[in-house]
Amino acid sequence: MNSRLNALLQVIRHELEQDDSSIIYGVMHKGIDTYGDIDANLVQFYEFLKISNGARFGSIDLWAYEELESHQYRLDQWIGESDDWLEIGQLLYEPIVISKLTGEISILMDEVSINDSKKIIQFDDFLIHYILGEGYEELVPGFEYDEWYHFLVRLKLI
């Protein structure tokens, strides 16, 4: 994770901690220090877990390390029997997955196949553009009524 993104996440955490009502729209948990062996293409995601072991960013939830295994059951609907993907969170109850082969993020919306899903290059790009930036508008219907969106506007990230 680059230093700019790390610093931005620290600002987000600080601002969330200052607002008692933020638990409704945003939560960053304490990071973890250790975890098992990881695939090289998942490094950006695991670097995020060091900063925040699971999080809620408005309509986007990212699973904690301990929760990952229990959230893999939905992948069969879209991907079938494959160990090449890991569900790392959800957008409005639709799985967010990462490829263990490429590190590419996909959002499995409306039960479309993995080939037809929304693709995002890498996890850090997903954080910067879709969770902490203008891309949030692209992903979340009714974003203008979303508390996380208004939080991003207050911080001048959008």
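This passage walks through a predicted model of a protein chain, from its overall layout down to a few single residues.

The overall layout comes first. The protein chain has 158 residues, and 48% of them count as buried. Its secondary structure adds up to six helices and seven strands. Going along the sequence, these elements come in the order α-β-α-β-β-α-β-β-β-β-α-α-α, so the pattern opens with a helix and closes with three helices in a row. Among contacts in the protein chain with a separation of 6 or more, 44% are between residues 24 or more positions apart. As for the outside, the accessible surface is about 8,300 Å², with 47% of that belonging to carbon and sulfur atoms.

Next comes a pair of helices that pack against each other. Helix 2 takes in residues 43-51 and helix 4 takes in residues 123-131, and their axes lie 7 Å apart at an angle of about 60°. Because of that angle, helix 2 counts as oblique to helix 4. On the helix 2 side, the contact is made by Gln 44, Phe 45 and Phe 48, while helix 4 brings in Phe 123, Asp 124 and Leu 127. Sorted by type, the residues of this contact come out as four nonpolar, one polar and one charged.

Then there is the inside of the chain. In soluble globular proteins, nonpolar side chains tend to be buried together. Here, the largest nonpolar core has 41 residues. Phe 126 and Trp 148 are the residues with the most contacts inside this core. With neighbours within four places in sequence left aside, the contacts of Trp 148 include Ile 12, Leu 16 and Tyr 25. Trp 148 is also in contact with Gly 26, Phe 57 and Gly 58, and with Ile 131, Leu 132 and Tyr 136. A second core, separate from the largest one, is made of five residues, among them Leu 75, Ile 79, Trp 85 and Val 97.

The loop between strand 4 (85-91) and strand 5 (94-99) is worth a look for its backbone. Leu 92 is found in this loop, and its phi is positive, at about 50°, although the residue is not a glycine. Tyr 93 is found in the loop between strand 4 and strand 5 as well. Phi of Tyr 93 is near 75°, again a positive value in a residue other than glycine. How exposed are these residues? Leu 92 is partly exposed, with a relative accessible area of 39%. Tyr 93 has a relative accessible area of 64%, so Tyr 93 counts as exposed.

Two other loop residues make a handy pair to look at, starting with Val 140. This residue lies in the loop between helix 5 (135-139) and helix 6 (147-154). Is Val 140 buried or exposed? With a relative accessibility of 3%, Val 140 counts as buried, because the cut-off for buried is under 20%. Leaving out residues up to four places away in sequence, Val 140 touches Ser 59, Leu 91 and Asp 146. Val 140 and Gly 58 sit 82 residues apart in sequence, yet 9.2 Å separates them in space, C-alpha to C-alpha.

Leu 101, for its part, sits in the loop between strand 5 and strand 6 (105-107). Its relative accessibility is 56%, so Leu 101 counts as exposed. Not counting neighbours within four places in sequence, Leu 101 is in contact with Asn 41 and Asp 84. The C-alpha atoms of Leu 101 and Ala 40 are separated by 8.6 Å, and the two residues are 61 residues apart along the chain.

Finally, there is a residue from a helix. His 14 belongs to helix 1, which covers residues 3-18. His 14 has a relative accessible area of 42%, so this residue is partly exposed. Met 28 is 14 residues away from His 14 along the chain, and their C-alpha atoms are separated by 9.6 Å.

Methods:
Residues are numbered from 1 along each chain as its sequence is written. This is a predicted model: local features need pLDDT of at least 70, side-chain atom pairs count only at pLDDT 80 or more; totals for chains, interfaces and linings use all residues. Side-chain values use heavy atoms; hydrogens and water are left out. Helices (H or I, at least four residues) and strands (E, at least two) are DSSP runs, numbered from the N terminus. Buried means under 20% relative accessible area, exposed over 50%, partly exposed in between (1.4 Å probe, protein chains only). Contact means heavy atoms within 4.5 Å. Accessible areas come from the Shrake-Rupley method with a 1.4 Å probe; for residues, only the protein chains shown count as cover. Axes are lines fitted to C-alpha atoms, for helices over the stretch in contact, and angles run from 0 to 180 degrees between N-to-C directions. Angles under 35 degrees count as roughly parallel, over 145 as roughly antiparallel, 65 to 115 as roughly perpendicular and the rest as oblique. Ala, Val, Leu, Ile, Met, Phe, Trp, Tyr, Cys and Pro count as nonpolar, Asp, Glu, Lys and Arg as charged, and the others, Gly among them, as polar. A nonpolar core is a set of buried Ala, Val, Leu, Ile, Met, Phe, Trp, Tyr and Cys residues joined through side-chain atoms within 4.5 Å.
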